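Q: Please give a close account of the pockets of this model. Please also place them within the chain as a whole, in terms that a first-year student can follow.

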Amino acid sequence: MADKNQLPLITNRRQVAKSGLFGIEQIDLTFSNGEQRQYERMMGTGRGAVMIVPMIDDETLLLVREYCAGTHSYLLGFPKGLIDEGELAEQAANRELQEEIGYGSEQLQQMTELMMAPAFFNAKMTIFLAKNLYKSELEGDEPEPLEVVSWPIKDYKELLQQTDFTEARSIAALMLVRDLLEN
């Protein structure tokens, strides 16, 4: 029987496509039981991304409604963005807050790190809770102003029913923060 914790051996790697955001790599694998397979995976920048759950007070979340090219729709979610070269995740979180909702945070608490689609994408997102917000705006890279939406955390079940609040990362972040605040 093969060792379930033994990683397959990568016998060959080649880039098969590249865009401005990521590349696609094809890898040839040999598993510990001798089986051979070919996989494709997207390769990101390696720095990761952040998502922030901002709370304007002890009871109110701030979300953004923004255009999502993947679904060609406007979706409601939490501020997020890539970690720039030379930035720490916490610095990126505070920058993204200022770019997307016009607030900085005096209290950023790292909640967890999530992997996004690990079967084919090596991308990590660090989730933060942001409190003690203060007005501060930075120019971001969004093509249009984002709509900032206030939502009482006690009404999280209603938020989960919104047809434009469907992003799994935002739902996970909401539930993590809700559990933290409840305990």
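A: The account below starts with the chain, turns to the pockets, and ends with a few rings and single residues.

This is a predicted model, in which local features need pLDDT of at least 70 and side-chain atom pairs count only at pLDDT 80 or more, while totals for chains, interfaces and linings use all residues. Residues are numbered from 1 along each chain as its sequence is written, and side-chain values use heavy atoms, with hydrogens and water left out.

The secondary structure of the chain consists of three helices and 11 strands (DSSP runs numbered from the N terminus: H or I of at least four residues for a helix, E of at least two for a strand). Along the sequence these elements follow the order β-β-β-β-β-β-β-α-β-β-β-β-α-α. The C-alpha trace spans about 55 × 35 × 30 Å along its principal axes. The chain has 183 residues, and 38% of them are buried (under 20% relative accessible area with a 1.4 Å probe and protein chains only; over 50% is exposed, and in between is partly exposed). Among the contacts in the chain with a separation of 6 or more, 55% join residues 24 or more positions apart (contact means heavy atoms within 4.5 Å).

The largest pocket has a volume of about 1500 Å³. On a 1 Å grid over the protein atoms alone, a pocket is an open set of points where a 1.4 Å probe fits, with protein on both sides within 12 Å along at least five of seven lines, and lining residues have an atom within 4 Å of a point. The volume is the space filled by probe spheres set on the points, which are joined across faces, edges and corners.

The lining of the largest pocket comprises 42 residues, of which L21, K80, G81, L82 and R169 are the closest to its centre. Two or more lining residues come from each of β5 (60-68), β6 (73-77), β7 (80-82), α1 (89-100), β9 (121-122) and β10 (124-135). By residue type, the lining of the largest pocket holds 18 nonpolar, 10 polar and 14 charged residues (Ala, Val, Leu, Ile, Met, Phe, Trp, Tyr, Cys and Pro are nonpolar; Asp, Glu, Lys and Arg are charged; the others, Gly among them, are polar).

The second largest pocket has a volume of about 290 Å³. Its lining is made of 16 residues, and those closest to its centre are I10, I27, R41, P118 and A119. At least two lining residues are supplied by each of β2 (23-30), β3 (36-43) and β9. The largest share comes from β3, which gives five residues to this lining. The lining of the second largest pocket divides into 13 nonpolar residues, one polar residue and two charged residues.

Strand β2 also contains T30. Outside the four places on either side in sequence, T30 touches P8, L9, T11, E35 and Q36. The C-alpha atoms of T30 and L160 are 42 Å apart, and these residues are separated by 130 residues along the chain.

Helix α1, which contributes to the largest pocket, contains N94. This residue has 15% relative accessibility and therefore counts as buried. Beyond four places in sequence, N94 is in contact with Y103, G104, S105, L108 and Y134.

A further residue, S170, belongs to helix α3 (residues 168-182). S170 counts as buried because its relative accessibility is 0%. Its side chain makes a polar contact of 3.0 Å with the side chain of E167 (N or O atoms within 3.5 Å; within protein, one able to donate a hydrogen and the other to accept it, and residues adjacent in sequence count only through side-chain atoms on both sides). A polar atom of the S170 side chain also lies 3.3 Å from the backbone nitrogen of F78. Leaving out neighbours within four places, the contacts of S170 are M51, G77, F78 and F165.

The structure also holds three aromatic pairs (rings of Phe, Tyr and Trp, the last by its six-membered ring, with centres within 6.5 Å; planes under 30 degrees apart are stacked, over 60 edge-to-face, the rest tilted). One of them joins F31 and Y39, a tilted pair with 6.5 Å between the centres and 45 degrees between the planes. F31 is partly exposed at 27% relative accessibility, and Y39 is partly exposed at 39%. The rings of Y67 and Y74 have centres 5.8 Å apart and planes at 65 degrees, so this pair is edge-to-face. Y67 is partly exposed at 37% relative accessibility, and Y74 is partly exposed at 43%.
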